[in-house]
Amino acid sequence: MTRGCRPGVARGRGAGQDVSVSAPGVSIEPLAVPDLDGARDGLVRLLRDCVHGGASLGFLAPLSVADAVRYWYGLGQDLRTGVRVLLVARSGPDARIVGSGQIEFAGKPNARHRAEISKVMVAPDHRGRGIATAIMEELEARARTGGIRLLYLDTSEGQGGARRLYERLGWSYAGGIPGFALDPDGTPARNAIFYKMLG
Ligand SMILES: CC(C)(COP(=O)(O)OP(=O)(O)OC[C@H]1O[C@@H](n2cnc3c(N)ncnc32)[C@H](O)[C@@H]1OP(=O)(O)O)[C@@H](O)C(=O)NCCC(=O)NCCS
């Protein structure tokens with residue numbers, strides 16, 4: 001079993017391979033631009049289900065299909081240049097997309113040691129199985145491989161946030177800003193900023 005993962009979800013990296021395999025039934029792998037078309041419906045469903053369930057991911061509810069499509073395709077340039085890595089978790093015989101997470105590498109000359117984790121989300125009917133934990137572990141592994149020494153993220157302190165997840169994973173709380181963003185229902189919420197130094 002992979003370190004930190006719950007039973008049933010493991011992560012592995014084959015030598016020289018760019019794909020992580022989880023078992024049983026859950027795989028976590030990067031999504032490249034050519035894969036966007038095939039993954040579009042799954043990504044749109046995942047994002048809309050999470051936002052409509054109250055998750056603070058940068059959107060207000062209701063989130064239209066068109067806006068969700070626009071969001072995912074809008075990542076194309078960053079994925080192409082490698083500024084951003086998008087991981088997707090797939091499950092079941094139809095390889096349904098049940099989770100995702102991103103890492104964005106900082107471009108400024110004085111910030112190449114740091115990267116931001118964002119948009120970690122798991123489909124409501126797949127939560128509590130260690131999928132977010134596995135996504136976070138894979139994102140962290142990729143950060144280390146890329147020479148990153150500082151990871152950071154922010155989440156909502158309101159209903160839409162995931163503070164417990166990051167605390168449980170050993171991230172350090174740095175503080176928060178009142179009314180930083182609106183939760184999907186329009187409620188202003190403080191954010192919680194977390195960081196992790198990679199040794
Ligand atoms: C937070 C979230 C990603 C967790 O996904 P998951 O696959 O269920 O998480 P895991 O099974 O790996 O880990 C479960 C742990 O995450 C935490 N967690 C689970 N659901 C959570 C939620 N809704 N809010 C906050 N923390 C949550 C808990 O600490 C839990 O551990 P515990 O059961 O021992 O207390 C998922 O609930 C989700 O997608 N929420 C909506 C999106 C979101 O808020 N994303 C973060 C934006 S920065």
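Visitor: Let's start in the sheet: which residue in β9 is the bridge partner of Leu 151?

Guide: Keep in mind that this is a predicted model. Strand β5 covers residues 150-156, and seven bridges join it to β9, residues 191-197, with the two running antiparallel. Leu 151 pairs across to β9, and its bridge partner there is Lys 196.

Visitor: In what order do the seven strands of the open sheet come?

Guide: The sheet is open and its pairing is mixed. Reading across its seven strands, the order is β1-β2-β3-β4-β5-β9-β6.

Visitor: Which strands stand at the edges, and why is one side of each left without a neighbour?

Guide: Each edge strand has a single partner strand, so one side of it has no neighbour in the sheet. From one strand to the next, the twist averages 25°. The edge strands are β1 (26-30) and β6 (172-175).

Visitor: What angle does helix α1 make with β3?

Guide: Helix α1, residues 36-52, packs on the sheet and touches β2 (84-91), β3 (96-105) and β4 (114-122). Its direction and that of β3 make an angle of about 85°.

Visitor: And what about helix α4: which strands does it touch, and what angle does it make with β3?

Guide: Helix α4 spans residues 131-145 and also packs on the sheet. The strands it touches are β1, β2, β3, β4 and β5. Its direction makes an angle with that of β3 of about 30°.

Visitor: Now the ligand: how many residues surround it, and which are the closest?

Guide: β4, α4 and α5 (163-168) each supply at least two residues of the shell. In total, 21 residues surround the ligand. The closest are Ala 55, Arg 127, Ala 132, Thr 133 and Ala 162.

Visitor: How many residues of that shell are nonpolar, polar and charged?

Guide: Sorting the shell around the ligand by residue type gives three groups. They come to 10 nonpolar, seven polar and four charged.

Visitor: Where does pLDDT stay under 50?

Guide: For the chain, the mean pLDDT is 90, and 88% of the residues reach 70 or more. There is a stretch under 50, for which the model has 46 contacts beyond four places in sequence. That stretch is residues 1-23.

Visitor: Last one: how many helices and strands does the chain have?

Guide: Along the sequence, the pattern reads β-α-α-α-β-β-β-α-β-α-β-β-β-β. The chain has 199 residues, of which 36% count as buried. Its secondary structure comes to five helices and nine strands.

Methods:
Residues numbered from 1 in each chain as written. Predicted model: local features only at pLDDT ≥ 70, side-chain atom pairs only at ≥ 80, totals over all residues. Pairing = 2+ DSSP bridges. Helix = DSSP H or I, 4+ residues; strand = E, 2+ residues; numbered from the N terminus. Axes fitted to C-alpha atoms, helices over the stretch in contact; angles between N-to-C directions. Contact = placed C-beta atoms within 7 Å. Near = placed C-beta within 6 Å. Nonpolar A, V, L, I, M, F, W, Y, C, P; charged D, E, K, R; others polar. pLDDT = per-residue confidence, 0-100. Buried ≥ 20, exposed ≤ 12 C-beta atoms within 10 Å, placed from the backbone.
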